[in-house]
Amino acid sequence: YIGQTICFTGYVYRNSDFNENEFVLARDMTTSRANETLVVGFLCNHKDAKNFADGTWIELTGTIEKGNYHGEIPVLKVIKISVTDEPEFPLVCPPDDTYVPTAVII
C-alpha cells in the first residue's frame, strides 16, 4: 500500500509520546464484548498538527508511507486536511476474513 493515496474521516487522537507534528486519525472500533470499543487508525504527520485539538473530527487525504513508531508501521503523509462533523455512524466494525494486517498492537 506504500504510495497509495487515501481519504479518511476520523478524530484526532494523541499518545503522550507523540511529537507536535503527530496524531492518529482515529475511529472507535466495536469489539466482541458489549459496549467496548478500541481506538484504531493511522498515524499521521503534519506540520500544523498542533492546530487540531484532540477529539476534533477531520477529513484527511494522505499518502501511505513507511514510518516508525515502536517499529515499522504505515504513516499517512497529509496532503489535505479539514475539520468536519462527526459522522452519523462514528463506530467502525471489526475486520472480516479479507483483512490484511498492516501494523502491530502496542
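How many bridges join E4 to E5, and do these strands run parallel or antiparallel? Eleven bridges join them, and the two strands run antiparallel. Please keep this pairing in mind, as I shall return to it. The model before you is a predicted one.

Let me begin with the chain as a whole. Its secondary structure consists of six strands and zero helices. Read from the N terminus, the elements follow the order β-β-β-β-β-β. The chain has 106 residues, of which 28% are buried. It exposes about 7,200 Å², and carbon and sulfur atoms supply 51% of that area. If we take the contacts between residues at least 6 apart in sequence, 59% of them join residues at least 24 apart.

I now return to strands E4 and E5. They form a hairpin, with three residues between them. In the turn, histidine 70 has a positive phi of about 55 degrees. As an example of the bridges, asparagine 68 has glutamate 72, in E5, as its bridge partner. Strand E5 is also joined to strand E3, residues 37-45, by three bridges, and here the strands run parallel. Cysteine 44, for instance, has leucine 76 in E5 as its bridge partner.

One residue of E4 deserves a closer look, namely threonine 63. Is threonine 63 buried or exposed? Its relative accessible area is 18%, and buried means under 20%, so threonine 63 counts as buried. Leaving aside neighbours within four places in sequence, threonine 63 is in contact with Gly3, Gln4, Thr5, Val75, Leu76, Lys77 and Ile79.

Next, the interior. The largest nonpolar core is made up of twelve residues, among them Val12, Phe23, Cys44, Phe52, Leu76 and Ile81. Which strands each supply at least two residues of this core? They are E2 (22-30), E4 (57-68) and E5 (72-83). There is also a second, separate core of nine residues, which includes Tyr11, Val24, Tyr69 and Val75. Within the largest core, we may consider isoleucine 81. Not counting residues up to four places away in sequence, isoleucine 81 touches Phe23, His46, Phe52, Ile58, Glu59 and Leu60.

Leucine 43, in strand E3, is another buried residue, with a relative accessible area of 6%. In sequence, leucine 43 and valine 75 are 32 residues apart, yet their C-alpha atoms are 5.1 Å apart in space. Apart from residues up to four places away in sequence, leucine 43 touches Phe18, Glu22, Phe23, Val24, Tyr69, Ile73, Pro74, Val75 and Leu76.

Two of those contacts, Phe18 and Tyr69, bring me to the aromatic residues. The structure holds three aromatic pairs. In one of them, the rings of phenylalanine 8 and phenylalanine 42 have centres 5.4 Å apart and planes at 85 degrees. Why is this pair called edge-to-face? Planes over 60 degrees apart count as edge-to-face, and the angle here is 85 degrees, so the pair falls in that class. Phenylalanine 8 lies in strand E1 and phenylalanine 42 in strand E3, 34 residues apart. Phenylalanine 8 is partly exposed, at 23% relative accessible area, and phenylalanine 42 is partly exposed as well, at 22%.

Phenylalanine 18 and tyrosine 69 form another edge-to-face pair, with 5.3 Å from centre to centre and 80 degrees between the planes. Phenylalanine 18 sits in the loop between E1 and E2, whereas tyrosine 69 sits in the loop between E4 and E5, 51 residues apart. Phenylalanine 18 is buried at 12% relative accessibility, and tyrosine 69 is buried at 13%.

Finally, I turn to the charged residues. The structure holds three salt bridges. Aspartate 54 forms one with arginine 14, the closest N and O atoms being 2.5 Å apart. Aspartate 54 lies in the loop between E3 and E4 and arginine 14 in the loop between E1 and E2, so this salt bridge ties together parts that are 40 residues apart in sequence. Glutamate 20 and lysine 50 form another, with their closest N and O atoms 4.0 Å apart. This pair links the loop between E1 and E2, where glutamate 20 lies, to the loop between E3 and E4, where lysine 50 lies. Both of these residues, glutamate 20 and lysine 50, are exposed. Aspartate 48 forms a salt bridge with lysine 47, at 3.0 Å between the closest N and O atoms. Aspartate 48 is partly exposed, at 27%, whereas lysine 47 is exposed, at 60%.

Methods: Residues numbered from 1 in each chain as written. Predicted model: local features only at pLDDT ≥ 70, side-chain atom pairs only at ≥ 80, totals over all residues. Heavy atoms only, no water. Core = buried A, V, L, I, M, F, W, Y, C linked by side-chain atoms within 4.5 Å. Buried < 20%, exposed > 50% of the residue type's maximum accessible area, 1.4 Å probe, protein only. Helix = DSSP H or I, 4+ residues; strand = E, 2+ residues; numbered from the N terminus. Contact = heavy atoms within 4.5 Å. Areas by Shrake-Rupley, 256 points an atom, 1.4 Å probe, with all protein chains shown as cover. Pairing = 2+ DSSP bridges. Phe/Tyr/Trp six-rings, centres within 6.5 Å; stacked < 30°, edge-to-face > 60°. Salt bridge = Lys/Arg side-chain N within 4 Å of Asp/Glu carboxyl O.
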